[in-house]
Amino acid sequence: MVPKILIIDDEEHMCWALDRAMRQEGYQTEVAYRGRDGLNLIREESPSLTILDLRLPDMDGLEVLKEAKAINPKLPIIMLTAHGTIETAIEAMKIGAADYITKPFDLEELKLVIKQNLLVIQLETEVTFLRSELTGKYGNIIAQSKIMLDIIALIERVAHSNASVLITGESGTGKEVAAVAIHQNSPRHNKPFIPINCAALPEQLLESELFGHERGAFTGATARKLGRFELADKGTIFLDEIAEMSLNMQAKLLRVLQEKSFERVGGTETLSVDVRVIAATNRELGEAIKKGTFREDLFYRLNVIHIHLPPLRERKEDIPLLAKHFIQKYGHVYQVEKISLEAMELLCNYHWPGNVRELQNIIERSAIICRGNEIEPEHLPRELYAPQRSSSDVVVDFPDSGISLEGLEKELILKALEKSGGNQTKAAQLLGITRSALLYRSQKHDINWN
Ligand SMILES: Nc1ncnc2c1ncn2[C@@H]1O[C@H](COP(=O)(O)OP(=O)(O)OP(=O)(O)O)[C@@H](O)[C@H]1O
Ligand SMILES: [Mg+2]
């Protein structure tokens, strides 16, 4: 983003000189000769920085400063003063001017002051962004739906115990966010939170990741390595994608959960740890148990407390709040502040197969594409416009004059026959009725076969 500098000064030649100097520095510029016009530009153009003359024909410069600060408290304003005494300059600084420069001034000095102030805003923006990244990840669950508020209450309650927690839910529903929230709200919050993705590593590597290994335990084990369980001592271990763990590893994990002790790979010393276990999966563990790919006893060990995060489409009330949260998060970076009603409506009507993660990605993408400060429907990806119907739905044009149920039935039978290529049994199947029912209805409507 090229910074935009607004120059408010009634002296035309001064404006011209400043305008040229700023453009040479690579900034965009706006110029106003009157205080009122300057304030309007602050409202409409959201400049990054303003150079303001203390003496203007229509308004006192200090007044303009006050109003400008009311419009945008963060806007850095550099006062130019030719006739001002030091007192007025100090007054201006008290009201919130970033700096002042006395006329006649050295252009290089002004450029430097501008550069410094722009750097300060850039750093502030980055800090805000990083902070929101942290709160987003560490414990700040954004939600307003009843179902999620109940889950947050449950998280707060179970955080204080040491019970194992199993978090389930589709991909992107916030399982890791929930796990972090449990840890952050627990008495263990100033001890480590150690996540490990059980799907990311082949069995042997996973074993030594979890339990560590001794030097020489296998080729390449040149030094002792501490496992995640050891690292998580007094804290929390987060076993992500637990359903992907092999049966062999499941047996080893079960032993740790039962005995709270284990040995490093290639080691003989038995180590005891105090670790709280949180596991997560987007799979149906019940199914996996039936198929024999997941141990039932491990399931019961993990599932002491079960938290299921519903997909976003089942808690649409959260969409506006989440969207606003992500706009705040990315808006600072891309200068986007809000989202139009129409765009919000599209977000609320979409079925979100990728859940909160998808919403977050779409808002970030739109914030990048959007050139103004508001996200509009045209900034949203195409899939949000597509009609959201499941393939089993039938589209019916409902004319103002009404529609006859009988006519519709005939229409449907004809369509089914067309689709089945005249095969009656198939057509009946498509309509969910028996073949004789189809024959009866066809006769009723005078439908001829062949
Ligand atoms: N309620 C929420 N409030 C704020 N941010 C959220 C919320 N839920 C999810 N997110 C954000 O959405 C993204 C996905 O969340 P997370 O990684 O916790 O999902 P997950 O269920 O673990 O997904 P996966 O199954 O794919 O690992 C993250 O960037 C997270 O910060
Ligand atoms: Mg996850």
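Colleague: In what order do the 5 strands of the open sheet lie, and in which sense do they pair?

Modeller: In this predicted model, an open sheet is built from 5 strands whose pairing is parallel. Its edge strands, each pairing on one side only, are S2 and strand S5, residues 99-102. On average, and with direction ignored, neighbouring strands of this sheet are turned by 20 degrees against each other. Read across the sheet, the pairing is parallel and the order is S2-S1-S3-S4-S5.

Colleague: Which residue of S5 is the bridge partner of Leu-80?

Modeller: Strand S4, which covers residues 77-81, pairs with S5 in the parallel sense, and 4 bridges connect the two. For Leu-80, the bridge partner in S5 is Ile-101.

Colleague: Which residues of helix H2 are buried, and how wide an arc do they cover around the axis?

Modeller: Helix H2 spans residues 35-45, and its buried residues are Gly-35, Gly-38, Leu-39, Leu-41 and Ile-42. An α-helix has 3.6 residues a turn, so residues three or four places apart point the same way. The buried residues of H2 lie on the same side of the helix, because the arc that they cover around the axis is only 160 degrees.

Colleague: Which residues on the other side of H2 are exposed, and what covers the buried ones?

Modeller: On the other side of H2, the exposed residues are Arg-43, Glu-44 and Glu-45. H2 lies across S1, S2 and S3, and runs at about 165 degrees to S1. The cover over its buried residues includes strand S1 (4-8), strand S2 (28-32), strand S3 (49-53) and helix H3 (61-71).

Colleague: Is Asn-40 buried, exposed or partly exposed?

Modeller: Asn-40 belongs to helix H2. A residue counts as buried with 20 or more other C-beta atoms within 10 Å of its own, and as exposed with 12 or fewer. Because Asn-40 has 13 other C-beta atoms within 10 Å, this residue is partly exposed.

Colleague: How far apart are the C-alpha atoms of Asn-40 and Ile-71?

Modeller: Along the chain, Asn-40 and Ile-71 are 31 residues apart. In space, the separation of their C-alpha atoms is 9.8 Å.

Colleague: How are helices H3 and H4 oriented where they pack?

Modeller: Helix H4, residues 86-95, lies across S4 and S5 and runs at about 170 degrees to S4. Where H3 and H4 pack, Leu-62, Leu-65, Lys-66 and Lys-69 of H3 meet Glu-91, Ala-92 and Ile-95 of H4. The angle between these two helices is about 10 degrees, and their axes are 10 Å apart. Because angles under 35 degrees count as roughly parallel, the orientation of H3 to H4 is roughly parallel.

Colleague: Which residues of S13 and S14 are the bridge partners of Thr-168 and Ile-167?

Modeller: In strand S6, residues 165-168, Val-165 and Ile-167 point one way while Leu-166 and Thr-168 point the other way, and all are buried. S6 runs parallel to strand S13 (residues 276-281), to which 4 bridges join it, and S6 also pairs in the parallel sense, over 4 bridges, with strand S14 (residues 305-308). The partner of Thr-168 in S13 is Thr-281, and the partner of Ile-167 in S14 is Ile-307.

Colleague: What distance separates the centres of domain 1 and domain 3?

Modeller: The chain is divided into domain 1 (4-133), domain 2 (149-310), domain 3 (313-384) and domain 4 (405-444). Taken over C-alpha atoms, the centres of domain 1 and domain 3 are separated by 33 Å.

Terms used. Residues are numbered from 1 along each chain as its sequence is written. Chains are lettered from A and ligands numbered from 1 in the order in which they are written. This is a predicted model: local features need pLDDT of at least 70, side-chain atom pairs count only at pLDDT 80 or more; totals for chains, interfaces and linings use all residues. Domain bounds come from an automatic or database domain assignment. The arc is that of the directions from the helix axis to the C-beta atoms. Two residues are in contact if their C-beta atoms, placed from the backbone, lie within 7 Å. Two strands pair if DSSP finds at least two bridges between them. Axes are lines fitted to C-alpha atoms, for helices over the stretch in contact, and angles run from 0 to 180 degrees between N-to-C directions. Angles under 35 degrees count as roughly parallel, over 145 as roughly antiparallel, 65 to 115 as roughly perpendicular and the rest as oblique.
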